[in-house]
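User: I'm new to reading protein models, and I'd like to go through one feature by feature. Could you walk me through this one?

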Amino acid sequence: MPGSFRKVANTCDIQPGKMKRVELDRHLLLIANVDGNYYALDDTCTHEDASLSTGSLQGDLIKCPLHGSRFNVRTGAVLEEPAEENLRTYTVVIDGRDILIQWS
Ligand code: FES
């Protein structure tokens, strides 16, 4: 598997239905727990400079706190304007209690 994996959080820090913003090499990432599955995406909305981790997680959809764009947390796909670009997503691996993401 290409790229290296880096720890970004502990599973016990992010309960189901919750999100957390983490920083890795000065890059802001959002880690979300949807029904016990963890997903990693860029934290900054593709519309303007809003932190999506301060928005809301409804099922597998993230709603931006600033203008209400919605993104699919599994794929990063934008589902509602004004944002037009998808979010970048990252491969997540769970190792014990560690949440690792593929980072290259
Ligand atoms: S900053 Fe997210 S929709 Fe505008």
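Analyst: We'll start with the whole chain, then look at strands, the core and a few odd backbone spots.

Analyst: Two ground rules before that. Residues are numbered from 1 along each chain as its sequence is written. The model is predicted, so local features need pLDDT of at least 70 and side-chain atom pairs count only at pLDDT 80 or more, while totals for chains, interfaces and linings use all residues.

User: How many helices and strands are there in the chain?

Analyst: Helices (H or I, at least four residues) and strands (E, at least two) are DSSP runs, numbered from the N terminus. Here the chain has zero helices and 11 strands. Along the sequence the pattern is simply β-β-β-β-β-β-β-β-β-β-β.

User: What does the radius of gyration say about the chain?

Analyst: The radius of gyration is taken over C-alpha atoms, and the globule rule is 2.2 Å times the number of residues to the power 0.38. For 104 residues, a compact globule would come out near 13 Å, and this chain has 13 Å, so the two agree. Along the principal axes, the C-alpha atoms fill a box of roughly 40 × 25 × 20 Å.

User: And how do I read strand pairing?

Analyst: Two strands pair if DSSP finds at least two bridges between them. Take E10 (residues 92-95) and E11 (residues 98-103): they run antiparallel and are joined by four bridges. Val93 stands opposite Leu100, and Asp95 stands opposite Asp98. The two strands make a hairpin with two residues between them, and Gly96 in that turn has a positive phi of about 65°.

User: Which strands form an open sheet, and in what order?

Analyst: The order is E1-E11-E10, with antiparallel pairing. E1 and E10 are at the edges with a single partner strand each, so one side of each has no neighbour in the sheet. From one strand to the next the twist averages 35°; for angles like this, axes are lines fitted to C-alpha atoms (for helices over the stretch in contact), and the angles run from 0 to 180 degrees between N-to-C directions. As a general tip, side chains in a regular strand alternate between the two faces of the sheet.

User: How many bridges join E2 to E3?

Analyst: Six, and these strands run antiparallel. In one of the bridges, Val22 partners Leu29 of E3. E2 and E3 also form a hairpin with two residues between them, where Asp25 in the turn has a positive phi of about 50°.

User: What's special about a positive phi?

Analyst: Most residues other than glycine have a negative phi, and most peptide bonds are trans. Arg26 isn't a glycine, yet its phi is near 65°. You'll find Arg26 in the loop between E2 (19-24) and E3 (27-34). Asp35 is another non-glycine with a positive phi, about 55°, and its loop lies between E3 and E4 (37-42).

User: Are Arg26 and Asp35 buried or exposed?

Analyst: A residue is buried if 20 or more other C-beta atoms lie within 10 Å of its own, exposed if 12 or fewer, and partly exposed in between, with C-beta atoms placed from the backbone. Arg26 has 5 such atoms within 10 Å, so it's exposed. Asp35 has 8, so it's exposed too. Over the chain, buried residues make up 28% of the 104 residues.

User: Where's the cis peptide bond?

Analyst: It joins Glu81 and Pro82, with omega about 15°. Pro82 sits in the loop between E8 (78-80) and E9 (89-90).

User: Which residues have the most contacts inside the largest nonpolar core?

Analyst: A nonpolar core is a set of buried Ala, Val, Leu, Ile, Met, Phe, Trp, Tyr and Cys residues joined through C-beta atoms within 7 Å. The largest one has 23 residues, and the best-connected are Val8, Leu30, Ile31, Ala32, Ala40, Leu41 and Val73. E1 (4-10), E3, E4 and E11 each supply at least two of its residues, with the largest share, four residues, coming from E3.

User: What is Leu30 in contact with?

Analyst: Two residues are in contact if their C-beta atoms, placed from the backbone, lie within 7 Å. Leaving aside neighbours within four places in sequence, Leu30 touches Met19, Arg21, Leu41, Asp43, Leu52 and Ser53. Asp43 from that list counts as buried, because it has 23 C-beta neighbours inside 10 Å.
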